[in-house]
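Trainee: I am new to this structure and would like a close look at a single part of it, the open sheet and what packs around it. Could you take me through that part carefully, and then show me how the rest of the chain connects to the picture?

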Amino acid sequence: MYGVRLLGMILALSILLTLLVVPAAAQDCDGNVIELEFMNWWGAAREALMDEVIMHFQAENPCIRIINQVQPWDNRSELLATAAASSNPPGIIMTTRPETYQFAIQGLIIPIDAFVEENGTDLSVFYAGEVGIQYWNGELYGLPMPTAGGLTSMFLYNKTMLSEAGFDPESPPQTWQELQAMSEAITQGDALGIDVMGVQMHSGNLDEAFVSWLYTNGGKYVSDDARSLTFNSAEGIATLEWMLSFANDINGGIENERDFFQDTSFTEGDHPWYDNQLAFMPINTSVFGHYNNNDPEGYANADHWGVMLRPHNGDNPDSAHAGVTGYGFSGGWAYTIPRAHPPEMQAAAYKFAEFIGVHPQGGCAFLFAQSRPAPVKACNENPAYYEANPHWGTVLEGLATDTPIPITPVQGQIAEVIRGYIEEAFFGMKSAEDALNEAAAEGQAILDEFWAKFDADM
């Protein structure tokens with residue numbers, strides 16, 4: 001409920017942003033205000049939250065004006081690449097981890113180590129796994145926000161639906177086998193369509209779902225040095241075979257699964273979860289804020305829903321609950337500084353990035369208002385998190401299971417290859433083993449080409 005109240009305050013305060021903050025800055029700085037265009041994707045309700053962060057920043061830094069440029073998600077990659085490579089890029093840009101690496105290699109953004117030292121920024125306030133994935137070739141290129149973790153390690157589950165199906169609502173499934181038994185009992189439908197679904201096995205790209213399940217079966221995506229793909233192991237093949245069996249035997253095929261979620265949006269409040277038509281849903285930590293905004297009564301009813309860790313393969317003694325960070329599109333957001341601008345603009349951009357990253361009224365407040373954890377350890381120790389989210393202890397437990405995945409700037413190309421072959425397996429065109437072996441061979445060729453060029457340039 002805190003997020004709802006805060007949002008109302010923000011909407012009122014945002015009016016003051018133009019009326020008070022900018023004129024004050026102009027007066028205090030004799031008109032010498034540095035303007036920074038902030039290219040980001042914090043849209044919808046989060047735009048107002050970011051406006052408040054900006055307001056607090058400008059109150060402390062009256063000689064810097066931040067222009068909040070929220071971007072559309074359509075053609076995002078192309079839009080960002082064009083902006084970053086232009087002769088006059090935005091003053092600060094929001095990039096994913098693969099994009100940060102790519103822009104660093106291309107020389108489009110600057111490392112921030114010198115600014116960290118100059119400003120006395122204490123990097124130990126971050127979880128090591130969060131700030132650690134912002135380094136490329138030994139240099140730091142951004143401060144993290146939000147968390148790279150908590151993207152795949154957890155599910156929401158519907159206690160009411162479990163109880164009605166004869167299961168203990170306080171004992172969600174811990175293993176693949178328990179998840180399958182509960183889903184078989186809950187799912188209603190046939191080859192023509194699903195009316196009620198037990199579990200949403202994947203949300204988004206099939207390759208991301210596969211990698212997420214892979215780590216709950218003791219598998220690995222790539223070697224620790226990011227030079228050898230390893231997902232086509234015995235654990236990987238068993239994982240994909242299980243996913244295929246689940247989709248076909250319980251949900252009636254991949255097309256049924258996709259049709260069930262067609263034209264729905266959890267963010268917008270139009271989703272089977274809100275209608276008690278979905279028992280288990282994979283989530284990232286942004287879900288809690290959307291749930292609270294779209295269905296505050298349901299969110300407030302702790303007897304109706306819960307949070308559980310991603311189930312693991314109970315037939316594999318080496319498996320365990322796990323989440324992954326860094327593989328997917330959102331793995332490791334940071335705020336990076338273009339090289340094209342003069343030093344005074346870069347210094348101003350770092351001040352804003354640092355504020356977003358570590359300031360209590362920056363990323364801490366921004367994420368708390370969404371009931372999301374922060375990459376700063378102290379932020380998550382706020383007792384109010386437990387008041388805002390009755391399952392906060394499970395959220396922190398999920399964060400503790402996360403495993404960072406080494407990647408390179410060609411991650412997007414490799415992921416596209418894997419996605420294509422897994423898609424063929426789901427449509428019965430290839431076996432799980434053939435799909436993964438062919439994907440690994442083609443992906444490895446891309447990876448080898450990247451490292452050969454990188455090593456030669458070094």
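**The open sheet and its surroundings**

Mentor: Helix α2 (residues 45–60) lies across β1 and β2, and its direction makes about 170° with that of β2. Helix α3 also packs on the sheet, where it touches β1 and β3 (92–95), and its direction makes about 145° with that of β3. Please keep in mind throughout that this is a predicted model.

The sheet that these helices pack on is an open one of four strands, in the order β2-β1-β3-β12, and its pairing is mixed. At the edges stand β2 and β12 (334–336), and because each of them has a single partner strand, one side of each is left without a neighbour in the sheet. Neighbouring strands of this sheet are turned against each other by 25° on average, with direction ignored. In general, strands of a sheet pair through backbone hydrogen bonds, and they may do so in a parallel or an antiparallel sense. Between β1 and β2 the pairing is parallel and extends over seven bridges, and within this part of the sheet Glu37 stands opposite Ile67 in β2.

The side chains of these two strands offer a further link, since Arg65 forms a salt bridge with Glu35, with 3.0 Å between the closest N and O atoms. This pair links distant parts of the chain, for Arg65 belongs to strand β2 (residues 64–70) and Glu35 to strand β1 (residues 34–40), and the two are 30 residues apart. Both ends of the bridge are partly exposed, Arg65 with a relative accessible area of 30% and Glu35 with a relative accessibility of 42%.

If you follow the chain from β1 towards α2, you come to Ala44, which is found in the loop between them. Ala44 has a positive phi of about 55° although it is not a glycine, and it deserves a second look, given that most residues other than glycine have a negative phi. With a relative accessible area of 62%, Ala44 is exposed, because that value is over the 50% limit.

From the helix α3 that packs on this sheet, a second salt bridge reaches out: Arg76 pairs with Glu99, and their closest N and O atoms are 2.6 Å apart. Here too distant parts of the chain are linked, with Arg76 in helix α3 (residues 76–85), Glu99 in helix α4 (residues 97–106) and their positions 23 residues apart. In contrast to the partly exposed Arg65, Arg76 is buried, and Glu99 is buried as well.

These are two of the 10 salt bridges that the structure holds. Another one joins Arg258 to Glu423, with the closest N and O atoms 2.8 Å apart; the pair links helix α11 (residues 254–261), which holds Arg258, with helix α18 (residues 411–426), which holds Glu423, across 165 residues. Arg258 is partly exposed at a relative accessible area of 36%, and Glu423 is partly exposed at 24%. Salt bridges that share partners also join Glu424, Lys430 and Glu438 into one network.

To place the sheet in the wider chain, turn next to the largest nonpolar core, which has 134 residues, and in which Leu156, Tyr221, Phe231 and Phe280 touch the most other members. Helix α19 (residues 432–457) gives the most to this core, with 10 residues. In helix α19 you will also find Trp451 and Phe454, three residues apart, or about one turn of the helix. Both Trp451 and Phe454 are buried.

Among the 33 aromatic pairs counted in the model, the rings of Trp176 and Trp242 have centres 4.1 Å apart and planes at 10°, so this pair is stacked. Trp176 lies in helix α8 (residues 176–186) and Trp242 in helix α10 (residues 234–249), so that distant parts of the chain, 66 residues apart, are linked by the pair. Trp176 and Trp242 are both buried. By contrast, the pair of Trp451 and Phe454 is edge-to-face, with 5.6 Å from centre to centre and 85° between the planes.

One last backbone detail completes the tour: the peptide bond from Met145 to Pro146 is cis, with omega near 5°, and Pro146 is found in the loop between β5 (139–140) and β6 (154–158).

Terms used: Residues numbered from 1 in each chain as written. Predicted model: local features only at pLDDT ≥ 70, side-chain atom pairs only at ≥ 80, totals over all residues. Heavy atoms only, no water. Salt bridge = Lys/Arg side-chain N within 4 Å of Asp/Glu carboxyl O. Buried < 20%, exposed > 50% of the residue type's maximum accessible area, 1.4 Å probe, protein only. Pairing = 2+ DSSP bridges. Axes fitted to C-alpha atoms, helices over the stretch in contact; angles between N-to-C directions. Contact = heavy atoms within 4.5 Å. Core = buried A, V, L, I, M, F, W, Y, C linked by side-chain atoms within 4.5 Å. Phe/Tyr/Trp six-rings, centres within 6.5 Å; stacked < 30°, edge-to-face > 60°.
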